[in-house]
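The following exercises concern helix packing and charged side-chain pairs in a predicted model. Each task is followed by a worked solution.

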Amino acid sequence: MAKQERARRTREKVLTAAAEVFAGQGYSSTTLNAVAERIGMTKGALYGHFPSKRSLAGALVNESRHTWASLRAEHDAPGADPGAVLERVVVGFAGRLQSDVRLRAALRLAAECPNLAQSLSGVLVEMHNALTELVRRAQRGSGFPGYSPQLVAALLMIVMYGLLNAPAGCAEIAGAPGGQPLWRLLFTALTGSGGPNSACPEDGSATGPASGPVSGS
């Protein structure tokens, strides 16, 4: 039992070290030697836990799936206001990105390496689909404006990823943790009086309120 616990702890250390290197350097520039050196381990010992860089990256991306699922379960309580659920899930995930290097690395890997493996490449698609459904529920149950749910979900993911990679000055303006002032501004804008009067097409072809011809054209 003690041996299994040591192996588990070592595996966790390896994943964190790999995440720090992946998050800072990306997949192509990361080497197993760099990961091993970060925690004072030989490359041979590292192979005992992960046989390749691909397997390390895959473990991190798969872990991000569980993180996303647990966050949704935490905030999506039965009977909760759908609009509040949407905001809490998004803000909670954005805050987790700021504090969890393994999650940051997983998102970078999923974005940079869509062909890592068929079973891993869909994690961002899964997130987008889940957010799309949360937006639909907010529109049905909370009066959330009728923008295309797919477009809103894409916007939320773009802002999450952009906040993660924002320059230091922008990050300070956005506020910590997780850029909460920025999210308040975005959700206020999305739910404000400037929203469209009717739902946009599901294909996302409409990008905002309907408008008449531009004068002088």
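**Exercise 1.** Determine how helix 1 and helix 4 are oriented relative to each other, and identify the residues in contact.

*Solution.*
Step 1. The axes of helix 1 (residues 2-25) and helix 4 (residues 53-75) come within 10 Å, and their crossing angle is roughly 95 degrees.
Step 2. Angles of 65 to 115 degrees count as roughly perpendicular; helix 1 and helix 4 are therefore roughly perpendicular to each other.
Step 3. Helix 1 contributes Arg11, Val14, Leu15, Ala18, Ala19 and Phe22 to the contact, and helix 4 contributes Lys53, Leu56, Ala57, Ala59, Leu60 and Glu63.
Step 4. Sorted by class, the contact of helix 1 with helix 4 comprises nine nonpolar and three charged residues, with no polar residue.

**Exercise 2.** Which residue forms a salt bridge with Glu63, and is each partner buried or partly exposed?

*Solution.*
Step 1. Glu63 is paired with Arg102 in a salt bridge, the closest N and O atoms being 2.6 Å apart.
Step 2. The partners belong to distant parts of the chain: Glu63 is in helix 4 and Arg102 in helix 6 (residues 101-112), 39 residues apart.
Step 3. Buried means under 20% relative accessible area. Arg102, at 11%, therefore counts as buried, whereas Glu63, with 24%, is partly exposed.

**Exercise 3.** Analyse the salt bridge between Arg65 and Glu126 in terms of distance, sequence separation and accessibility.

*Solution.*
Step 1. The closest N and O atoms of Arg65 and Glu126 are 2.9 Å apart, and the cut-off for a salt bridge is 4 Å.
Step 2. Arg65 lies in helix 4 and Glu126 in helix 7 (residues 123-141), so the salt bridge ties together parts that are 61 residues apart in sequence.
Step 3. Arg65 has a relative accessibility of 18% and counts as buried; Glu126, at 38%, counts as partly exposed.

**Exercise 4.** State how many salt bridges the structure holds, then characterise the pair Arg96 and Asp100 and the network that includes Glu5.

*Solution.*
Step 1. There are eleven salt bridges in the structure.
Step 2. One of them joins the side chains of Arg96 and Asp100, at 3.0 Å from N to O.
Step 3. Arg96 counts as partly exposed at 34% relative accessibility, while Asp100 counts as buried at 14%.
Step 4. Glu5, Arg8 and Arg9 form one network, joined by salt bridges that share partners.

Notes
Residues are numbered from 1 along each chain as its sequence is written. This is a predicted model: local features need pLDDT of at least 70, side-chain atom pairs count only at pLDDT 80 or more; totals for chains, interfaces and linings use all residues. Side-chain values use heavy atoms; hydrogens and water are left out. Axes are lines fitted to C-alpha atoms, for helices over the stretch in contact, and angles run from 0 to 180 degrees between N-to-C directions. Helices (H or I, at least four residues) and strands (E, at least two) are DSSP runs, numbered from the N terminus. Angles under 35 degrees count as roughly parallel, over 145 as roughly antiparallel, 65 to 115 as roughly perpendicular and the rest as oblique. Contact means heavy atoms within 4.5 Å. Ala, Val, Leu, Ile, Met, Phe, Trp, Tyr, Cys and Pro count as nonpolar, Asp, Glu, Lys and Arg as charged, and the others, Gly among them, as polar. Buried means under 20% relative accessible area, exposed over 50%, partly exposed in between (1.4 Å probe, protein chains only).
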